[in-house]
Amino acid sequence: MKNYLLLIVYLIASFPANVFAENLAGNVIVVEQYLSDQTAFTQGFELSANNDLVIATGLYGESIIGELDLKTGQINVFDSLDEIFFGEGITFTNDYLWQVTWENELAFKRDKHDYSVIETYDYEGMGWGLAYDPQNDVIWMSNGSHQLLKRDSDNFELLDTIDIYLNGLPLEQLNELEYANGYIYANVWFQDLIYQIDPNTEKVVAHYDIAPIIANLDLTEEQLEPMNVLNGIAHIEDDYFYITGKNYPFVLEVRLEEPYN
């Protein structure tokens with residue numbers, strides 16, 4: 001009996017967290033589909049104050065920051081990282097554009113207009129995603145775990161760490177982030193879901209399934225084959241967002257409607 005109970009506990013712990021969150025399912029409405037550069041291994045995705053869609057890509061020797069033209073799908077490259085760096089998430093604050101690196105433990109503070117590097121700051125651990133909370137003037141950072149790190153928006157000092165759980169289970173591999181409407185919106189590595197997180201309660205309040213939408217897009221086999229994972233959320237206004245992924249040939253403008261519980 002003891003072994004049987006242990007097996008049950010193991011099986012429950014092994015289920016994806018979203019299996020137990022049907023009442024948190026929000027509605028996704030596609031507004032428009034745009035072109036993107038499918039060679040872009042998207043790690044950061046942000047809309048500037050001038051409505052320029054800024055994209056940061058990863059991979060050693062291929063990490064860049066540029067602006068994506070949604071009409072042509074072409075990226076106007078502003079900066080290329082040294083080949084020793086694997087670029088990760090970006091976020092605009094009131095004064096700067098911040099970028100983290102995967103395993104280099106180095107953050108770049110950049111000019112918010114031309115994206116040139118102003119200063120660099122060390123931090124411990126991996127860097128995955130970034131999101132700026134303008135209400136509290138702090139940056140939220142993911143590191144591939146279920147934790148979100150709160151950092152100073154001027155010097156990147158670690159201020160606090162919160163743990164994100166969904167139905168009692170840690171929501172691991174939090175990835176690209178966006179802050180909007182008082183919530184943190186997060187991609188999770190290897191999931192086609194966007195999670196809406198309340199940083200005050202440290203709880204998931206909604207999730208949005210993008211998989212059925214992608215499945216219904218008119219994509220060729222040549223486009224589908226290199227597509228990696230959903231990874232890119234850029235807030236437009238209200239509940240409207242741009243979303244994309246690593247090596248996706250498209251950007252979707254979507255409306256994320258919260259569930260009615």
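Asp-122 sits in strand β9, which covers residues 117-122. The model is a predicted one. Is Asp-122 buried or exposed? Its relative accessibility is 66%, so Asp-122 counts as exposed. The cut-off for exposed is over 50%.

Asp-122 has charged company. Together with Glu-103, Glu-105 and Glu-124, Asp-122 forms a patch of negative charge on the surface.

Now turn to the aromatic rings. How many aromatic pairs are there? The count comes to 14. One pair is Phe-86 with Trp-102. Their ring centres lie 4.9 Å apart, and 55 degrees separate the planes. That makes the pair tilted, because tilted covers planes that are neither under 30 degrees apart nor over 60.

Where do these two residues sit in the chain? Phe-86 is in the loop between β5 (75-80) and β6 (87-92). Trp-102 is in the loop between β7 (96-101) and β8 (106-111). The two are 16 residues apart, so the pair links distant parts of the chain.

Their surroundings can be compared by accessibility. Phe-86 has 8% relative accessibility, so Phe-86 counts as buried. Trp-102 has 26%, so Trp-102 counts as partly exposed. Buried means under 20%, and partly exposed lies between that and the exposed range.

Another pair is Tyr-248 with Phe-250. Their ring centres are 5.2 Å apart and their planes stand at 40 degrees, so this pair is tilted. Both Tyr-248 and Phe-250 are buried.

Back to Phe-86 and Trp-102. Ring pairs link them with Phe-41 and Tyr-60 into a cluster.

Methods: Residues numbered from 1 in each chain as written. Predicted model: local features only at pLDDT ≥ 70, side-chain atom pairs only at ≥ 80, totals over all residues. Heavy atoms only, no water. Patch = residues over 30% accessible without salt bridge, like charges linked within 9 Å, V, L, I, M, F, W, Y side chains within 5 Å. Areas by Shrake-Rupley, 256 points an atom, 1.4 Å probe, with all protein chains shown as cover. Salt bridge = Lys/Arg side-chain N within 4 Å of Asp/Glu carboxyl O. Lys, Arg positive; Asp, Glu negative; His and termini not counted. Charge placed at Lys NZ, Arg CZ, Asp CG, Glu CD. Helix = DSSP H or I, 4+ residues; strand = E, 2+ residues; numbered from the N terminus. Buried < 20%, exposed > 50% of the residue type's maximum accessible area, 1.4 Å probe, protein only. Phe/Tyr/Trp six-rings, centres within 6.5 Å; stacked < 30°, edge-to-face > 60°.
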